[in-house]
Amino acid sequence: MVNIVAQKLYETCMEVFVDGDHQTAANIPPPSDIERLKSILDSIKPEDLNLTPNMPIFMGSSNAQDDAPPITYIHLHECNKFSIGIFCLPQSAVIPLHNHPNMTVFSKVLFGSLRVKSYDWVDDGTSSVMNKDAEQITHMGQHGIRLAKVHVDSDFTTPCSTFVLYPAAGGNMHCFTALSPCAILDVLGPPYSESQGRNCTYFQDFPFDRFSDGGKELQPEEIEEDRKQYAWLQEREKPEDFIVVGALSYDPNITENS
C-alpha cells in the first residue's frame with residue numbers, strides 16, 4: 001500500500017528539483033518552491049512514516065564500550081535530481097562535520113533532541129575578521145585550513161522547523177549530535193555524485209584563536225566574540241567510527257514516476 005505522505009513528498013520533489021529554467025546553475029530552486037517543500041516537510045510526523053523512538057534502530061549498541069553507535073539510513077528514493085532518506089540516530093550518535101557541495105538540502109527532525117553546529121565559508125572579503133587577519137588567513141589557506149563563520153551552534157528539540165541549507169549559505173558544512181534518539185528526514189537536491197563533482201568532504205574544526213594572531217590588539221571580549229562566530233576548518237578523512245548501515249526491512253511504499 002502506498003504511503004500517502006511519502007508519496008506526496010516524492011511528487012513535490014519531482015516538481016521542485018527540475019532541470020532547465022526552473023532551477024539555477026547553483027542548484028537552488030526558486031523561493032516559492034523552497035517554501036512549498038519546506039511546508040510539506042514541516043507537516044510530516046514520525047507516525048506518518050511508521051517511525052517510533054522505541055524501534056531497535058534507535059537503541060544503539062548494547063556494548064557500553066562503543067563510543068559511536070551505528071546510524072541507520074532508510075532509503076526512500078534517489079535519482080539524478082534528488083534523494084530522500086531518513087537518518088536514524090541512537091542517543092550520542094554523531095553525523096560528523098561534512099559539506100554538501102552545490103546542493104540545496106532540507107533536514108526535518110521528526111523526533112528527538114539534536115545538537116547542531118554548522119558553518120559557511122568566509123571568503124568574500126567583507127568580514128571584519130578577514131580585514132584584520134588577512135595575512136594570517138592567507139597563510140592558513142596555504143596549509144589547507146580555511147576560515148568559516150558559525151551559522152548555527154544550538155540544541156534543537158522537536159517540534160522544530162525544517163533546516164534549509166544552500167550551496168554557499170545556511171550552514172553548508174554541518175554536524176549533528178543526537179542528545180536523545182533522533183530521526184532526521186533528509187532531502188538533497190541534487191544528491192551526492194562523484195561523476196558530477198559533488199563529493200562529500202569531512203572536516204575538523206578548530207577554535208578561531210587556535211591559529212589566529214589577529215587578536216593581539218583586541219580586547220578580551222572582542223577575542224571571545226570572534227571565537228563564538230568563527231572557526232578554522234581543515235579537510236580530513238571520513239572518521240573511522242562513523243558507521244551508517246542500511247535498513248533492510250523498511251518499505252518506503254512510493255510509486256515512482258517513469
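**Exercise 1.** Find which residues of helix 2 are buried.

*Solution.* Start with the ground rules: this is a predicted model, where local features need pLDDT of at least 70, side-chain atom pairs count only at pLDDT 80 or more, and totals for chains, interfaces and linings use all residues. Residues are numbered from 1 along each chain as its sequence is written, and side-chain values use heavy atoms, with hydrogens and water left out.

Next, go to residues 31-43, which make up helix 2 (helices are DSSP runs of H or I, at least four residues, and strands are runs of E, at least two, numbered from the N terminus). Buried means under 20% relative accessible area, exposed over 50%, and partly exposed in between, with a 1.4 Å probe and protein chains only. You should land on Asp33, Ile34, Leu37, Lys38, Ile40 and Leu41.

Now look down the axis: these buried residues fall within an arc of 160° (taken from the directions from the helix axis to the C-beta atoms), so they line one face of the helix. Turned away from that side, you'll spot the exposed Pro31, Ser32 and Glu35.

**Exercise 2.** Work out what covers the buried residues of helix 2.

*Solution.* Check helix 1 (4-16) and strand 4 (104-111), then strand 7 (163-165) and strand 9 (182-189); the cover includes these four elements.

**Exercise 3.** List what Leu9 touches, leaving out residues up to four places away in sequence.

*Solution.* Contact means heavy atoms within 4.5 Å. Begin with Leu37, Ile40, Leu41 and Ile44, then add Ile84, Leu185 and Val187.

Conventions. Expected span 1.5 Å × (residues − 1).
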